[in-house]
Amino acid sequence: MKWTDGNNTTRGRSVRAPLAFVLATAIALAGCSSGTEVNYESESSGDDTLVVHVGVGDDRKILEYVVENLLPDSIDVELVEATDNSNAKIASGEGDLAYFQHIPAFDADVAEHSYDNLNVVSKANVVPYALYSSRWTGIADTEDQVNSGLVEDSVTGSDLPHGSQVVLPSSPTGFARGLYLLQSADLVTLDRPFGGTSRADLTISQANVLDSQRHLSLVGLSYDNYLRSIYENYDAVVLNPRDAETIGLEPAKDALAIEPGPDNPYAHVLVAPSRLAGDHRVLELAHALESPRTAQFLESEFRGTNIPVASAESR
C-alpha cells in the first residue's frame with residue numbers, strides 16, 4: 001500500500017488478514033442519506049489509485065495513520081485536500097471518496113444538491129463536547145445542594161451538587177449537544193434518545209427536558225471572549241475541544257463527562273459514490289477506519305479531542 005500527497009509517496013506494510021471472510025453480496029442502493037446502508041463486500045472493480053478528498057488537521061492525520069498502517073500494499077491512495085465542493089466532485093467522478101465532514105453536514109449537502117449517488121460507508125471518529133468545572137471534580141451521586149435561594153448551600157463533597165448552574169453553548173446545535181451530553185451522564189432525562197439525525201433531534205431545547213436528576217439550572221451563553229470567566233464563575237460548562245484548549249483544558253484529563261462515540265450523530269464519515277459499490281479497496285478502508293487499531297490510535301494520539309465511534313465491546 002502507498003499513499004500519495006503531491007510529490008511525496010510513503011510506503012506502508014500490510015497488517016490486515018486476507019479477505020477470506022468477505023462474502024459476495026447483492027448491492028441494494030436505496031437513497032443517499034446517512035441512514036443508508038450500503039454493502040461494499042464483493043470483488044474489486046479496478047486497480048487504480050483511490051483519490052480521497054480529506055479534511056485538514058485531525059481528519060487527515062487519522063486517515064494517514066490508517067492508510068500507512070492498516071491497508072494492504074496492493075492498495076494505492078492519493079490524498080487531496082477537501083474543499084466545500086468535494087461532495088460534488090465525488091458525485092461527478094472527480095475523485096473517489098470523501099472524508100472531511102460529519103453526518104449533519106453531509107445530509108445537508110445531499111439535501112441541497114440532490115446527490116443521489118453518494119453514501120456513507122464508514123463512521124470513524126467524533127470531535128466530542130465535554131463537561132468541565134473549575135469548582136467540582138466529579139458527577140457521582142450526591143446530596144449536596146447549592147444555589148437554592150431558600151436555604152444555605154450544603155456541601156460536604158466535591159461532586160456536582162444539586163442546583164448547579166451549568167452553561168451550554170447558546171447556538172441551537174451546541175445547546176442540543178450539551179443536553180445530550182448531560183443525558184449521557186445521567187444528569188437530565190430528555191424526551192428522546194441520543195443519536196437521531198433529524199432537524200428536530202439536532203435542535204432540542206429545554207422544552208425537551210423531562211427531568212433534571214440534579215435539579216440543574218441550564219444557561220445558554222455565547223462564549224466569545226468571556227469563556228474563562230464563564231468557566232470560573234459557573235458550576236460547570238459544556239465545551240468543544242477547541243474552546244476547551246483555549247483555556248488550557250484537555251478532555252481526557254479535565255472533563256467530568258465526555259460525549260459518547262457510539263450512535264453519535266456528529267460522527268465523521270467516509271463517503272463513497274455508488275459506482276464503487278463492490279470495490280474491495282473501499283471495503284478495506286471502511287473496515288480499517290472502524291477497527292480496534294484505529295480506536296486505539298484515536299485514544300492515544302488525541303486524548304479525548306477525537307474519540308472512536310466504535311463501542312468498547314467491539315474493540
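The following paragraphs describe the fold, the nonpolar cores, and selected helices and strands of a predicted model.

Because the model is predicted, local features were considered at pLDDT of at least 70 and side-chain atom pairs only at pLDDT 80 or more, whereas totals for chains, interfaces and linings use all residues. Residues are numbered from 1 along each chain as its sequence is written, and side-chain values rest on heavy atoms, with hydrogens and water left out.

The chain contains 10 helices and 15 strands, assigned as DSSP runs (H or I over at least four residues for helices, E over at least two for strands) and numbered from the N terminus. Of its 315 residues, 49% count as buried, that is, under 20% relative accessible area, with exposed meaning over 50% and partly exposed in between (1.4 Å probe, protein chains only). About 14700 Å² of the chain is exposed, and carbon and sulfur atoms supply 46% of this area, as computed by the Shrake-Rupley method with a 1.4 Å probe, where for residues only the protein chains shown count as cover. Among contacts (heavy atoms within 4.5 Å) with a separation of 6 or more, 74% join residues 24 or more positions apart.

The largest nonpolar core comprises 28 residues, of which Leu63, Val77, Leu97, Tyr99, Leu270, Leu285 and Leu289 touch the most other members; such a core is a set of buried Ala, Val, Leu, Ile, Met, Phe, Trp, Tyr and Cys residues joined through side-chain atoms within 4.5 Å. Elements that each supply at least two residues of this core include strand 3 (50-54), strand 4 (76-81), strand 5 (97-102) and helix 9 (280-289), while helix 1 gives the most, with six residues. Beyond its neighbours within four places in sequence, Leu270 is in contact with residues that include Leu97, Tyr99, Val120, Leu285 and Leu289. Apart from this core lies another, of 25 residues, among them Leu181, Leu187, Leu216 and Ala257.

Strand 6 is largely enclosed by the rest of the structure, because eight of its nine residues are buried. Strand 6 pairs with strand 14 in the antiparallel sense over six bridges, pairing being accepted if DSSP finds at least two bridges between two strands, and Leu118 has Pro273 of strand 14 as its bridge partner. Strand 6 also pairs with strand 15 in the antiparallel sense, over two bridges, and here Val126 stands opposite Ile307.

In helix 10, the buried residues Thr294, Ala295, Phe297, Leu298 and Phe302 fall within an arc of 160° when seen down the axis, so they line one face of the helix; the arc is that of the directions from the helix axis to the C-beta atoms. The cover over these buried residues includes helix 1, strand 6, helix 9 and strand 15. Just after helix 10, Arg303 takes a positive phi of about 50°.

Helix 4 (residues 172-184) is mostly covered, with 10 of its 13 residues buried, including Phe175, Arg177, Leu179 and Leu181. Its end C-alpha atoms are 18 Å apart, in agreement with the 18 Å span expected at 1.5 Å a residue, the expected span being 1.5 Å times one less than the number of residues. Just after helix 4, Asp186 takes a positive phi of about 60°.

An open sheet of five strands has the order 11-8-12-7-13, with mixed pairing, and its edge strands, strand 11 (217-221) and strand 13 (257-258), each pair on one side only. Within this sheet, strand 8 (residues 165-169) and strand 12 (residues 236-239) pair in the parallel sense over two bridges, and Val237 in strand 12 is the bridge partner of Val167.
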